[in-house]
Amino acid sequence: MAGASRSTGARKGRAPAEVTARRRNRIVDLVQRDGSVSIEELGATFGVSTVTIYRDLADLESLGMIVRQRGVVTAAGSNLQEAPARFRLGQNEPAKRAIARHAAAMVPRGSAVMLDDSTTGVLTARELREQTPLTVVTNSLLVAEEVRASAGMRLVLTGGEYEAWAEALLGPIAAGTVASLAADVCLVSVSGITDGVTYHPYAEVAAVKKAMMRASARSVALIDHTKFRRRALHEVAPLTAFDTVVTDSGTSPEVLERLREGGVSVEVAPDVG
């Protein structure tokens, strides 16, 4: 009995995985927003011990999301790497859900739509259940999970080399399959924007996104407000190459004005309650 009590106590004292994941997502958001923050400030903000914060930061640093130096946490340069897909699903979720709902409503029933391996694409796949019947072409196994569980949605997987961090199929086979098809619309996201041009940290991911744009009659960019503050390495396309750019209400009026003055067709998705 005493052993059972100790076991129960240990379980109670351990934060559930979802609580830990949510806290780590918020840490990344804070660091990206403020540029840097002290470890003591993070402990006070989240009401947890320094040991817990150090454990969080060690995992985030291993993912390339942050850098620790002398008790200060700063955002890691994002031009060379991307975090795992399931981690990114929890980042900026309200903004991504708003974009996903708005973009899904733009897809006519009966369309053939291409969805990339972005986390906003996963959320968009959920929203597309309201637009059936549809054919969905994707290289994302997370998108595929959403589509195969939905009545009225036909799933086409690209094939290709599996990349665990993205939970997606990439490489020449994936890009080649996309290039052999003709879709009505593609919905893609990017990692960063520089001087009106979209980028992604990995060339093989950028190649699939480019192929989807070329293979579709219309292309829509799904870009939450944080992407306008990030840089990445490999070019995908200028924003003006997309028929529509969908962003969220967190994008500043100054950024929106600059986009429209540059000839970008941009729509701001209403917030989702």
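What follows is a walk through the predicted model, from its overall make-up to its two sheets and a few of its helices.

Taken as a whole, the protein has eleven helices and 15 strands. Its chain counts 273 residues, and 50% of them are buried. Plenty of the contacts link parts of the chain that are well separated in sequence: among contacts with a separation of 6 or more, 61% are between residues 24 or more positions apart.

Start with the seven-stranded sheet. Its strands line up in the order β6-β5-β4-β9-β12-β14-β15, with parallel pairing, and the sheet is open. At its edges stand β6 (153–157) and β15 (266–268); each has a single partner strand, so one side of each has no neighbour in the sheet. Going from one strand to the next, the twist averages 25 degrees. At the β15 end, the neighbouring strand is β14 (residues 244–247), which runs parallel to β15 and is joined to it by three bridges. One of the residues involved is Thr247, whose bridge partner in β15 is Val268. This pair of strands also has a helix across it: α11 (residues 253–261) lies over β14 and β15, and its direction makes an angle of about 155 degrees with β15.

The other sheet to look at has three strands, in the order β10-β11-β13. It is open too, but here the pairing is antiparallel. The edge strands are β10 (192–194) and β13 (234–238), each of which pairs on one side only. The twist in this sheet averages 35 degrees from one strand to the next. Strand β11 (residues 197–200) and β13 run antiparallel and are held together by four bridges. Among the paired residues is His200, which has His234 as its bridge partner in β13.

This sheet has its own helix as well. Helix α10 (residues 203–214) lies across β11 and β13, and runs at about 20 degrees to β13. One residue of α10 worth a stop is Lys209. With a relative accessibility of 2%, Lys209 falls under the 20% cut-off and therefore counts as buried. Leaving aside residues up to four places away in sequence, Lys209 touches Asp116, Asp117, Ser189, His200 and Val236. Two of these contacts fit the picture of a helix lying across the strands: His200 belongs to the stretch 197–200 of β11, and Val236 to the stretch 234–238 of β13.

Burial also stands out in helix α7 (residues 119–127), which is mostly covered, with seven of its nine residues buried. The buried ones are Thr119, Thr120, Gly121, Val122, Leu123, Thr124 and Ala125.

Last comes a pair of helices packed against each other. Helix α3 (residues 39–46) meets helix α4 (residues 50–62) at an angle of about 110 degrees, and their axes are 9 Å apart. Angles of 65 to 115 degrees count as roughly perpendicular, so that is how α3 sits relative to α4. The crossing of the two helices is right-handed. On the α3 side, the contact is made by Ile39, Leu42, Gly43 and Phe46, while α4 brings in Thr50, Ile53, Tyr54 and Leu57. By type, the residues of this contact split into six nonpolar and two polar, with no charged ones.

Terms used
Residues are numbered from 1 along each chain as its sequence is written. This is a predicted model: local features need pLDDT of at least 70, side-chain atom pairs count only at pLDDT 80 or more; totals for chains, interfaces and linings use all residues. Side-chain values use heavy atoms; hydrogens and water are left out. Two strands pair if DSSP finds at least two bridges between them. Axes are lines fitted to C-alpha atoms, for helices over the stretch in contact, and angles run from 0 to 180 degrees between N-to-C directions. Contact means heavy atoms within 4.5 Å. Buried means under 20% relative accessible area, exposed over 50%, partly exposed in between (1.4 Å probe, protein chains only). Angles under 35 degrees count as roughly parallel, over 145 as roughly antiparallel, 65 to 115 as roughly perpendicular and the rest as oblique. A crossing is left-handed if the near helix is turned anticlockwise from the far one by less than a right angle, and right-handed if clockwise. Ala, Val, Leu, Ile, Met, Phe, Trp, Tyr, Cys and Pro count as nonpolar, Asp, Glu, Lys and Arg as charged, and the others, Gly among them, as polar.
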